[in-house]
Amino acid sequence: MTRFEHVGERRMLRLLSRVFVSTQTQRSPKPAAVHRSLCSAASACSGFAVKPTMEPKLYRPPPEVRGMTTLDKDAFTQTVTVPALRVPTGVLNKVVKSLRKSTIQRPGVPRVVQDKEESSDFRLVLLDPHNVSSPSSFSEAEAEALRSFGVTEELQYYDLRLTYHNLKSEEVLEAVLPQGQDVTSGFSRVGHIAHMNLRDHQLPYKHLIGQVIIDKNPGVTCVVNKTNMIDSTYRNFKMEVIAGEENMVAKVKENGVTYEFDFSRVYWNPRLSTEHQRVVQLIKRGDTVFDVFAGVGPFAVPAARSGANVLANDLNPESYRWLQHNCKLNKVESKVRTFNLDGRAFIQGPVKQELPALLSGKASVHVVMNLPALALEFLDAFRGLLHHEPCCDENLPTVHCYSFSKDDNPDMDVVKRVSRSLGFPLKSHCSVQFVRNVAPNKDMMCVRFTIPKEVLFSSDHEQTEPSAEPAPKRQKCEEATDST
């Protein structure tokens, strides 16, 4: 695969995402769609409707919940009418199986309830009113199955009592937040912590939103909201607890590896698990890995578990402490040497000291630089790094360097910037991997290349001063429950 493959496709997807976001912000959600999805679960039943009230918008949230800022669960209670079939108990399981596309399917919804005459010989099978409004609504196969089981297609009508506990989180929030505004129930799951990026118009409802997330997601006991941009120095951000306990020490498992860390003081992104695995799979037993911005160890620990020798570094003292902890937790402390240095000092210190001996060996050498906001600015540290050593062109280190790009052609953009930082044109001597879309106009990319001997052994090794940190900018909300 060339580094420019699929560029046109991603460019089109990016354009479409811009159009979609623009369109979504200019239109209000269709009331019918909201009400069709809102009240579609039930936990208890009460009586039978003598005459059906089959309204087009059957599931309608109680109007009094709109604008609620303190969660009142009782206010969501309502009764709706749904169609049903009276089925002999002897064929009940067969009928339910045959009507699986027509019965109420959502979690918490009772598909089978007591017959109104409380007969032990019959039960009522509840049907989805949006799929079944009359006997003619059944498909030919369903109608044939009912005839074969001796079940009349005459519809009964049953009153269901809906409560807060029968609704999904997005249904509750759609009912509460002002109409016409974005509704999100998306979050990143980090152990027992749900991490949200609420927008300004959602902040008055933050405590209610947090409580709903806890109620609807088993295992989540703490919900936090990000209150500022990621600090590029230590890669963490300020957050506030909007619901639940204030325990920030999370325990997560990624690709079979267990990690523990204080989420409020280190960087962790569950959406990068696939990328961590991809890079680690390129590393073989006996290889050496220099992890310049190691964090709590998502590259270093699994690489060591696969048999590599790892030198892992992070400037953040908290990340450094949890990195050591996770090495011990996964019993790879003998395979990982840890450092608490600036990335440039790590390259010009431990990396420089170890490289000469490694280049004369047969095992591969990898350098991982996962600091997308700034990593490219550290590449000049490799210029003339081994200028006093005999030049060689075998077993040169392979770099996996991450960067963000807002360019319409992100592949070409990051290659140009890497070449500029190295002071040497990479041209076709590299590959570019799309990692993830961070925002509608922002991609995370990984450039993989072998450090050219003209760079590593250059006698003209004057290095540029580190560039100033980018101006702070509030990052947009990334709406997702779990990611790659």
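User: What makes up the count of helices and strands in the chain?

Analyst: The chain has twelve helices and 18 strands. Helices here are DSSP runs of H or I with at least four residues, strands are runs of E with at least two, and both are numbered from the N terminus. This is a predicted model, in which local features need pLDDT of at least 70, side-chain atom pairs count only at pLDDT 80 or more, and totals for chains, interfaces and linings use all residues. Residues are numbered from 1 along each chain as its sequence is written, and side-chain values use heavy atoms, with hydrogens and water left out.

User: Why is T398 called buried?

Analyst: Buried means under 20% relative accessible area, exposed means over 50%, and partly exposed lies in between (1.4 Å probe, protein chains only). T398 has 15% relative accessibility, so T398 counts as buried. By the same definition, 50% of the 484 residues of the chain count as buried.

User: What is T398 in contact with, leaving aside its neighbours within four places in sequence?

Analyst: Contact means heavy atoms within 4.5 Å. On that basis T398 touches V365, H366, V367, R448, F449 and T450. T398 itself is found in strand β16 (residues 398-405).

User: How do you know that strands β12 and β15 are paired?

Analyst: Two strands pair if DSSP finds at least two bridges between them. Four bridges join β12 (residues 288-291) to β15 (residues 365-369), so the condition is met. The two strands run parallel, and F290 has V367 in β15 as its bridge partner.

User: Why do β14 and β17 stand at the edges of the sheet?

Analyst: The open sheet has seven strands in the order β14-β13-β12-β15-β16-β18-β17, with mixed pairing. β14 (336-339) and β17 (430-439) each have a single partner strand, so one side of each is left without a neighbour in the sheet. From one strand to the next, the twist averages 15 degrees.

User: Which strands does helix α7 lie across, and at what angle does it run to β16?

Analyst: Helix α7 (residues 273-280) lies across β15, β16, β17 and β18 (442-450), at about 155 degrees to β16. Axes are lines fitted to C-alpha atoms, for helices over the stretch in contact, and angles run from 0 to 180 degrees between N-to-C directions. Helix α9 (residues 317-329) also packs on the sheet, touching β13 (309-313) and β14, and its direction makes about 170 degrees with that of β14.
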